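Grab a coffee and work through these short exercises. Each one sets a task and then walks through the solution.

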Number of protein chains: 2
Amino acid sequence: MKIRCQKSDLLNSVNIVLKAVPTKTTMPILECLIIEANNYGIKLIANDMELGIETMVKGTIMEEGIVALNAKVFSEIVRRLPENEVYISVDENYTTEIICEKAKFAISGRSGDEFPSLQEVERENPLTLSQFTLKEVIRQTVFSISDNESNKIMTGELFDIKNNELRVISLDGHRISIRKIIMKEEYEERKVIIPGKTLNEISKILSGEVDSFVNIFFTDKHALFEFDDTLVVTRLIDGEYYRIDQMLSSDYETKVTINKKELLSCIERASLLIRENDKKPIIIRVSDNNFELNINTSLGSMKEDVDIVMEGKDIVIGFNPKFLMDALRVIDDETVDIYLINPKAPCFIRNKEQSYIYLILPVNINVGA
Amino acid sequence: MKIRCQKSDLLNSVNIVLKAVPTKTTMPILECLIIEANNYGIKLIANDMELGIETMVKGTIMEEGIVALNAKVFSEIVRRLPENEVYISVDENYTTEIICEKAKFAISGRSGDEFPSLQEVERENPLTLSQFTLKEVIRQTVFSISDNESNKIMTGELFDIKNNELRVISLDGHRISIRKIIMKEEYEERKVIIPGKTLNEISKILSGEVDSFVNIFFTDKHALFEFDDTLVVTRLIDGEYYRIDQMLSSDYETKVTINKKELLSCIERASLLIRENDKKPIIIRVSDNNFELNINTSLGSMKEDVDIVMEGKDIVIGFNPKFLMDALRVIDDETVDIYLINPKAPCFIRNKEQSYIYLILPVNINVGA
């Protein structure tokens with residue numbers, strides 16, 4: 001193989017496929033990335049068996065071929081090359097020369113034969129979203145997946161497609177995050193569970209532009225994301241997702257309308273008094289159009305009032321402050337509505353259109369205290 | 001005690017004294033900072049027994065007093081307060097209320113009685129430098145102190161004052177860094193060894209402005225740095241420093257003049273092929289006005305040429321690339337002169353005025369190879 005390309009193009013593509021190189025693996029070949037030059041162009045490939053990425057590099061092919069190179073070593077070399085044209089040539093023993101200006105590296109490569117190829121996914125009937133929308137919806141929901149591998153389903157997000165509506169849902173046993181997107185077209189009904197790790201990696205690669213698009217293709221076991229010059233293939237998580245609709249309720253006893261930024265800063269300050277592994281809740285007391293937040297830990301106590309508009313009954317309720325902060329940080333509205341029922345029932349943060357719903361379970365507190 | 005001050009002023013001062021709060025200590029009182037309000041003003045103090053810092057906070061005193069507060073908790077609270085006036089009041093049990101806008105924290109404090117006061121240093125005959133100069137000279141030398149506590153002297157820097165010249169020197173057994181500063185006044189001869197850790201912390205606090213000054217006072221055992229509204233007291237390291245003048249030589253067999261940035265990038269690229277704990281040297285071959293850098297490790301090999309102007313004999317010599325990079329990174333000149341004698345003798349990077357001298361020992365290589 002003999003190719004040449006610009007350092008910046010090569011580095012961009014290397015950074016994309018790096019997302020699918022596992023940090024720990026029992027299969028050393030997976031620590032490699034593949035460079036393949038043939039009549040389709042120059043392609044980089046990486047695959048950690050759950051997530052696989054292929055992306056094209058602009059460049060010129062002088063001789064076709066394929067090689068597997070240690071991804072970490074190759075990427076660090078490329079990163080430090082001068083900003084100029086890079087020549088890569090591979091000999092019959094897979095020794096790979098990388099030449100840029102006066103720098104000349106030689107590293108040993110291996111044949112790409114052992115490398116597991118990406119799962120083929122038929123490209124028919126894609127779901128199409130803007131890169132911006134997909135990147136945002138991941139950010140707005142992925143924080144509430146569970147990282148406990150013993151419950152595989154909770155480590156993924158449900159993509160629930162029905163007519164022209166996509167709902168993206170995550171939950172971890174303490175909270176549920178739901179974002180609803182209205183699409184331009186109608187789609188076949190479909191529910192798939194996509195690994196959260198994959199979505200995190202995809203969101204890092206997406207440019208996030210409003211006028212670039214992502215096509216998503218599904219099979220029973222896999223999903224393929226196609227955007228720019230990149231293909232990302234991921235396994236889906238097997239099983240049936242939780243029936244969340246029966247957990248959602250529109251009833252409430254108390255409705256609080258509050259400035260989001262003020263509330264978030266106030267909870268952030270309160271959480272300073274919580275040390276790691278300390279499960280102290282914040283206590284919220286809503287009464288007479290006043291919202292009082294209290295916390296009391298071994299480090300000290302804090303009390304702060306926040307202005308609100310309220311509707312309904314007074315209530316005293318406790319929360320894990322992290323769960324409130326996670327939700328508030330991904331809501332872009334200036335004011336939010338919080339719906340409460342009683343100190344043991346979940347609270348809901350949602351807007352009128354229900355384009356977002358964040359359900360958070362309260363923490364038991366001794367209300368008499 | 002009752003005081004009020006602006007959050008930003010308080011935070012600045014807290015950040016300064018935090019540098020003297022130890023992360024690990026067997027004396028819990030040292031994890032505190034002191035707030036003292038008396039007729040001199042509002043003062044914050046921290047002390048880790050080697051390094052002590054005092055700084056003033058602008059503000060108003062309604063009631064004098066003193067309290068010791070956990071530095072970590074207090075600083076995190078202050079950091080998150082709204083940008084507004086902060087009221088601090090301490091009751092007779094040292095419970096401390098911190099109030100800013102609607103946020104009201106209460107944390108428990110302790111009496112300042114147990115807290116070790118800073119060593120008194122008589123303020124006579126200071127050495128005066130601009131903040132810029134002191135900050136720069138620390139940056140340009142402190143990287144080559146040793147972190148091996150078994151040889152205490154190597155963990156500090158020699159400040160060698162003679163007439164109107166200050167030389168700052170550090171060494172770690174493999175290299176020596178020397179910076180010479182010409183001062184406006186003549187000073188008494190004096191040699192002191194200042195702990196490298198102290199210098200690192202001071203350099204973080206210094207604003208680095210050319211027209212702000214630092215006064216440095218010395219006793220046999222301590223040095224006091226006075227600048228802005230801050231006093232830093234440090235213990236000195238006991239003992240006699242190495243006689244470095246006899247290690248410096250002006251003789252050379254080969255002189256290489258080279259573009260600093262090109263050389264540095266080239267060594268940085270070569271060092272990519274070195275894994276941690278791998279002691280592979282880079283090999284430099286100087287001949288016929290050509291400078292060829294080679295490295296060969298388990299990860300691969302690299303070769304690169306750099307343009308030079310040379311004088312004297314050809315030479316092949318090996319170096320630990322880190323030592324060359326450390327020195328080159330703190331030299332601001334566009335081109336540097338490197339003086340070489342033979343493959344076993346130290347190399348010198350120095351300018352004509354000898355305002356900097358970096359001595360680096362070579363690594364033994366098999367020159368026949």
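Accessible areas here come from the Shrake-Rupley method with a 1.4 Å probe, and for residues only the protein chains shown count as cover. This is a predicted model, where local features need pLDDT of at least 70, side-chain atom pairs count only at pLDDT 80 or more, and totals for chains, interfaces and linings use all residues. Residues are numbered from 1 along each chain as its sequence is written, and side-chain values use heavy atoms, leaving out hydrogens and water.

**Exercise 1.** Work out how much surface chain A exposes and what share carbon and sulfur atoms supply.

Step one: chain A exposes about 17500 Å². Step two: carbon and sulfur atoms supply 45% of that. Step three: of the 369 residues of chain A, 53% count as buried (under 20% relative accessible area; exposed is over 50%, partly exposed in between).

**Exercise 2.** Decide whether Ile282(A) is buried or exposed, and place it in the chain.

Start with the location: Ile282(A) sits in strand E17, residues 282-287 of chain A (strands are DSSP runs of E, at least two residues; helices are H or I, at least four). Next, Ile282(A) is buried because its relative accessible area is 0%. Now look at its neighbours: leaving out residues up to four places away in sequence, Ile282(A) touches Ile267(A), Leu293(A) and Phe319(A), among others (contact means heavy atoms within 4.5 Å). Finally, Ile317(A) is 35 residues apart from Ile282(A) along the chain, yet their C-alpha atoms are separated by 8.5 Å.

**Exercise 3.** Find where Asp228(A) lies and say whether it is buried or exposed.

First, Asp228(A) belongs to the loop between strands E14 (222-227) and E15 (230-235) of chain A. Then check its area: at 52% relative accessible area, Asp228(A) is exposed.

Note on methods
Chains lettered and ligands numbered in written order. Buried < 20%, exposed > 50% of the residue type's maximum accessible area, 1.4 Å probe, protein only.
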